[in-house]
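User: I'd like a close look at one part of this protein: the pockets, and the residues and helix around them. Could you walk me through that region in one go?

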Amino acid sequence: MRVPIVAGNWKMNKNVAEAIAFVNQIKASLPPASQLETALAAPTLCLVPMIEAAEGSPLKLMAENCYYKDAGAYTGETSPRALYQAGIHHVILGHSERRTYFHETDELINKKVKAALKNGLCPIVCCDDTMGRRVAGKKVHWVVSRILADLHGLSDDEICHVTIAYEPSWAIGTGDSADPAQAAEGCYLIRQTIADMYGDNVANNVRILYGGSVTTVNINSLMAKQDIDGVLVGKDSLNPTTFLQLVNH
Ligand code: PGA
């Protein structure tokens, strides 16, 4: 039984005061985590104050990125170990914006996934799908090869702590969401790839999310699909009222 997830990704939005006010506004209206998990990925600076504000509520806080070293001379990076020690147990890795603007490769993302898991963080690994590939009809190969590369070398135990997000880059921030059938196809292909790598039992337990222009209007039809276990929401997670509507869809 895969518990559904509604996760927000704030990206580089909100300051500490705004983040605390947001948590205070939503925390009493969230469903129990056994029914639906609610998570927010926020800028690093906001995470610790948000954990304090969310205490006693089911809200999970997630980092948006981390490095693959625990400590050392890596100016500007965030340690996965320090995140865990601060009470953060989830991290988004390989988001399309990290791949595009910060030139993150599958090899780097694979190192980050391993470092996160080693430190007790559960990664949400994002798998994108470019417009060029969509037009060329090469989506299938692309999604599969991404997953193979990003998850290379993970044990059965480790993969059980990974969540995957299928996020076509042409759908992110554009208002042009994949339709539910397209989104479900991407998630299905990812699950088949996991089944090939780890067997059906593991594949049936790994949660796979869809992300890219999810709104209060399309969330129901997306989440009704069997292989879509939840959503990763950017823009529409920034407003507390809209976020609560998504969570209580
Ligand atoms: P969006 O972003 O909902 O604004 O399209 C999704 C994401 O980047 O995870």
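Analyst: Here is a walk through the pockets, then two strand residues and one helix.

Keep in mind that this is a predicted model. Let's start with the largest pocket, which has a volume of about 520 Å³. It is lined by 17 residues, and the ones closest to its centre are Lys11, Met12, Glu64, Arg98 and Phe102. Helix α4, residues 96-101, gives the most to that lining, with three residues. Sorted by class, the lining comes out as six nonpolar, six polar and five charged residues.

The second largest pocket has a volume of about 300 Å³. Its lining counts 22 residues, and closest to the centre sit Gly173, Ser213, Gly234, Lys235 and Asp236. By class, that lining has six nonpolar, eleven polar and five charged residues.

Asn9 is a handy residue to look at next, and it lies in strand β1, residues 5-9. Is Asn9 buried or exposed? Its relative accessibility is 6%, so it counts as buried, the cut-off being under 20%. The Asn9 side chain reaches the backbone nitrogen of Lys11 at 3.2 Å, and Lys11 is one of the residues closest to the centre of the largest pocket. Leaving aside neighbours within four places in sequence, Asn9 is in contact with Ala41, Glu64, Ile92, His95, Leu232, Val233, Gly234 and Ser237. Two names there should ring a bell: Glu64 is among the residues closest to the centre of the largest pocket, while Gly234 is among those closest to the centre of the second largest pocket.

Over in strand β4, residues 90-93, you'll find His90. With a relative accessible area of 16%, His90 is buried too. Once neighbours within four places in sequence are set aside, its contacts are Lys60, Leu61, Met62, Ala63, Leu121 and Cys122.

Finally, helix α1. Which residues of α1, spanning 16-26, are buried? They are Ala19, Phe22, Val23 and Ile26. These cover an arc of only 95 degrees around the axis, so they end up on the same side of α1. What covers them includes β2 (37-41), α2 (44-54) and α12 (240-247). The N-terminal end of α1 has a cap as well: Asn15 places a side-chain oxygen 3.2 Å from the backbone nitrogen of Ala17.

Key: Residues are numbered from 1 along each chain as its sequence is written. This is a predicted model: local features need pLDDT of at least 70, side-chain atom pairs count only at pLDDT 80 or more; totals for chains, interfaces and linings use all residues. Side-chain values use heavy atoms; hydrogens and water are left out. Buried means under 20% relative accessible area, exposed over 50%, partly exposed in between (1.4 Å probe, protein chains only). Helices (H or I, at least four residues) and strands (E, at least two) are DSSP runs, numbered from the N terminus. The arc is that of the directions from the helix axis to the C-beta atoms. Contact means heavy atoms within 4.5 Å. A polar contact is a pair of N or O atoms within 3.5 Å; within protein, one must be able to donate a hydrogen and the other to accept it, and residues adjacent in sequence count only if both atoms are side-chain atoms. On a 1 Å grid over the protein atoms alone, a cavity is a set of points where a 1.4 Å probe fits but cannot get out, and a pocket is an open set with protein on both sides within 12 Å along at least five of seven lines; lining residues have an atom within 4 Å of a point. Grid points are joined across faces, edges and corners, and a volume is the space filled by probe spheres set on the points. Ala, Val, Leu, Ile, Met, Phe, Trp, Tyr, Cys and Pro count as nonpolar, Asp, Glu, Lys and Arg as charged, and the others, Gly among them, as polar.
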